[in-house]
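These are my notebook entries from a session spent looking through one model. I wanted to record the backbone oddities, the strand pairing, the ring contacts and the nonpolar cores.

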Amino acid sequence: MYTYIALYVFIFITCFQSVLIESAVSSIDLGSESLKVAVVNLKPGQTPISIAINEMSKRKSPALVAFHSGNRLIGEEAAGLMARYPNKVYSNFRDLIAKPFDLAKKSLDSLYLPFEILTDSVRGVARVKVSDEESYSPEELVAMALSYASSLAEFHSKVAVRDVVISVPPYFGQAERRSLIQAAELAGINVLSLVNEHSGAALQYGIDKDFSNETRNVVFYDMGSGSTYAALVYFSAYKAKEFGKTVSVNQFQVKEVRWDPELGGQSMELRLVEYFANEFNKQIGNGVDIRKSPKSMAKLKKQVKRTKEILSANTMAPISVESIYDDIDFRSTITREKFEELCEDLWERSLIPLKEVLKHSGLKVDDLHAVELIGGATRVPKLQAKLQEFLGRKDLDRHLDADEAIVLGASLHAANLSDGIKLNRKLGMVDGSMYGFVYELNGPDLMKGESTKQLIVPRLKKLPVKMFRSIVHSKDFEVSLAYESDDLLPPGVVSPTFAQYAVSGLTDASLKYSGRNLSSPIKASLHFSLSRSGIFSLDRADAVIEVSEWVEVPKKKLTVENATSAFPNITVEGSPQNVSEETTENLNGEGGLNITDSSVDNQNSTDLGTEKKLKKRTFRIPLKITEKTIGPGMPIPRESFDEAKVKLEALAKKDAERRRTEELKNNLEGYIYATREKLDSDEFEKISSSEERQSFLQKLEEVQDWLYTDGEDASASEFQERLDLLKAIGDPIFFRYNELTARPAASEHAKRYFAELQQIVQGWETKKSWLPKQRIDEVLLDSKKVKNWLDEKESEQAKTSSLDKPAFTSDEVLEKVLNLQEKVASIDRIPKPKPKVVKPVKNETEGNTENNTSNKTDSSSSSKERTSPTDDSEGESDSSTSEKASDSEAHDEL
């Protein structure tokens, strides 16, 4: 099955709707350190596919969550606290989902992340401790980040966005993928699909290319902040019918993927962190080790990141950290050569994923059309040099945006999966499962062997797919799902088993039907699925029971007429004494029964007594499936999930109120400062008295004092109340101030239009004489009334003090002129009437000629009716007469 993607999108009209539908979907690339959001938006006037920027107008946001002073902060807000409160800012939570506590602790310690974690007593995973009473699971933190990303998408598109595609690293296992979807559910997001990062990059690469005359083997090499992978993708084209025409459709297939989940840009930065930490410790001496100071390490890590970026473009880079430890500043420099020496083993390690892809695919370097670099860490010159050396190429391919290729490609996938968007440029996508899967059966009377443990999904099996297996068994049993190979497991996974199910109801069904005449052994049918997101699961199980029984049924004899009617191509013969009949009965969960009988019920048959008939029935009884997965791989229990959702909704509501409060506080503060500055100008003396200004300034000062004292912790409603109070005083003053210039400008505009209207009317008289004189007179009269009104108001305004309410406003003038312009435009649009067509009057001679011709024709017709049709001479004579009549009519018309 192919997934079709297109670059350009447009709104579609459903069968039941005749209006255009506004629709938007988004994609989220959630990394270890940052997140990106792309939006496919059908709103007119906006780019169909674009990156959603954050509140700081940046295209990439920090993947951070912080809790401080009773508030939750996400993204840029959380990043502002990193240096001061590193123990309150939580990062790398994507890589913590479904990880055992010990592995999570080791990972955080290696990155010098000081926040405290606890053990989840049920699942054995890490939980982030916020306070003595409050902690959050990694899924909850991921949900917060996804909710923030969704809000960026909605702010960018100005419509609700709930359908999302989320990109994931290829090495994510079953537990990570299931947990990520649960996190999205906590955030209120509908996940259309998870998509492997390499597939997103491949979509972005191939969407604007033509492979009808060539095929390409392209390797996508991605080194991000925390991991590295290489993916081999084969691009080609196939022929398809479209609207009756044969067209070429591009496609790609993922052939091989290999990875290193612990190698990335952070690995290089940690080498620099260790180097500079040692240097600072030597400078200070006295046994000081800044590694023990979370604040010091947070400041150092922040500056090291900048230093690494500088070294990508320069051969030497400085580092400067103010008050890194005990109010001591740290300054140093490092050369690119030294940096490359510190990371010497990482360069060789970075080639391993690429080498393994070539080894397992059987390709050589020369078979590769391109090696596309994506991921921020691929900008490091030494890494590029190592890749060039291994590939034997002078240049590497960098046609894609290293940061945004994945999220943009994922947005194309989201557009294709959405119901509200159509695509018109196709690119077939075939991705596969990154791991192979086996299933194993356990239960009474089940002997261990090939029949109880089988490979069901080979590695790189294309997505999605459904499959089923049948086993001969009559008792309840258990099903375990596991990874195919112990040598290829997701990071942190020790046991290959990732899911366990108990299948019940088979024993009861077997006992119920064991006394019947079974035509074959009882079976259990297991239905599995490998979803588009790469999640493998047991979806359904049925007991299949086949019974054959002799039953007494009324004897029926089919007549020849009825038999041939039912079976038109079959000759009716005498039926035997014992007839076989087959019925399939499907028992649903509610006990309903559907029966399909293969015999023919003939209503016109004759009742001849009874006969024995062998009836074969197949019963399909749904079995109960209970998941028994334990440990880090188990999903969040339903009760815990519901509690987490309520907690996150409360946090979101509190965040919204906090943002509203901050916005109103800023509005109040800004109004005070802007108003005080304006009141000091000379222009305001013309429209306000000194007493009025002094009273207003006093009120402004009073509110400002409250703002910085009692108002520090005020609510949004209190800020709004005081802002409304100030505006009630200031708005009339500002209105008079604005009218000083706006009113004369409006009056001047009106007078210019009065003169222009006279020229328009003169043009009508010479060029559009068909226009109704009555309507022209009406518009001239209206113009005169407006002019007189304006003259009166200007005279009245001249007598009115500038401190009082104006006699008229600029808006009143503009409204009257606009009404006048609309009337003029409506007259000007009256079209020129079409000339009347006068039909020529026929004279008496013409009339007589026509009458004579008509009479001749009628006479000829009557003669033909009375004449035998075999008389050829008569026929010729009639024809000649008819032709003459036609000539006469034509002559008359001319």
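Entry 1, backbone. I looked up asparagine 286 and found it in the loop between helix H6 (265–284) and helix H7 (294–311). In this predicted model, asparagine 286 has a phi near 55°, which is a positive value in a residue other than glycine. I also checked whether asparagine 286 is buried or exposed; its relative accessibility is 77%, and because exposed means over 50%, asparagine 286 counts as exposed.

Serine 57 was my next stop, since serine 57 is not a glycine and yet has a positive phi of about 60°. I placed serine 57 in the loop between strand S4 (49–51) and strand S5 (61–62), and with a relative accessible area of 55% serine 57 is exposed.

I then noted the peptide bond from leucine 463 to proline 464, which is cis with omega near -15°. Proline 464 belongs to the loop between strand S23 (453–457) and strand S24 (465–472).

Entry 2, strands. Starting from S23, I asked how it pairs with strand S22 (residues 437–442). The two run in the antiparallel sense over four bridges, and valine 438 has leucine 455 in S23 as its bridge partner. I followed S22 to strand S25 (residues 477–483) as well, where the pairing is antiparallel over six bridges, and here asparagine 442 is bridged to glutamate 478 in S25.

Entry 3, ring pairs. How many aromatic pairs does a search of the whole structure find? I got 27, and I wrote down two of them in detail.

For tyrosine 90 and phenylalanine 115 I have ring centres 5.1 Å apart and planes at 80°, so I logged the pair as edge-to-face. This pair links distant parts of the chain, 25 residues apart, with tyrosine 90 in strand S8 (residues 89–90) and phenylalanine 115 in the loop between helix H2 (101–110) and strand S9 (117–119). Both tyrosine 90 and phenylalanine 115 are buried.

For tyrosine 513 and phenylalanine 619 the centre-to-centre distance is 4.7 Å and the angle between the planes is 40°, and I logged the pair as tilted. Since tyrosine 513 lies in helix H13 (residues 506–513) and phenylalanine 619 in strand S31 (residues 606–622), the pair ties together parts that are 106 residues apart in sequence. Tyrosine 513 is buried at a relative accessible area of 4%, and phenylalanine 619 is buried at 3% relative accessibility.

I also found a charged end over a ring in two places: that of lysine 158 sits over phenylalanine 155, 4.7 Å from the ring centre, and that of lysine 209 sits over tyrosine 205, 4.2 Å from the ring centre.

Entry 4, cluster and cores. One aromatic cluster is formed by Trp259, Tyr435, Phe437, Tyr439, Tyr483, Phe498, Phe528 and Phe536. I met Phe528 and Phe536 again in the largest nonpolar core, which has 131 residues and in which they are, with Phe477 and Val479, the residues with the most contacts inside it. Helix H3 (residues 138–157) gives the most to this core, with 10 residues.

Which residues does phenylalanine 536 touch, not counting those up to four places away in sequence? My list includes the rings of Phe437, Phe498 and Phe528, along with Gln174, Ile456, Val457, Met467 and Leu481. Last, I noted a second, separate core of 42 residues, with Tyr221, Met223, Phe276 and Ala277 among them.

Key
Residues are numbered from 1 along each chain as its sequence is written. This is a predicted model: local features need pLDDT of at least 70, side-chain atom pairs count only at pLDDT 80 or more; totals for chains, interfaces and linings use all residues. Side-chain values use heavy atoms; hydrogens and water are left out. Rings of Phe, Tyr and Trp (its six-membered ring) pair if their centres lie within 6.5 Å; planes under 30 degrees apart count as stacked, over 60 as edge-to-face and the rest as tilted. Buried means under 20% relative accessible area, exposed over 50%, partly exposed in between (1.4 Å probe, protein chains only). A charge sits over a ring if NZ of Lys or CZ of Arg is within 6 Å of the ring centre and within 35 degrees of the ring normal. A nonpolar core is a set of buried Ala, Val, Leu, Ile, Met, Phe, Trp, Tyr and Cys residues joined through side-chain atoms within 4.5 Å. Contact means heavy atoms within 4.5 Å. Two strands pair if DSSP finds at least two bridges between them.
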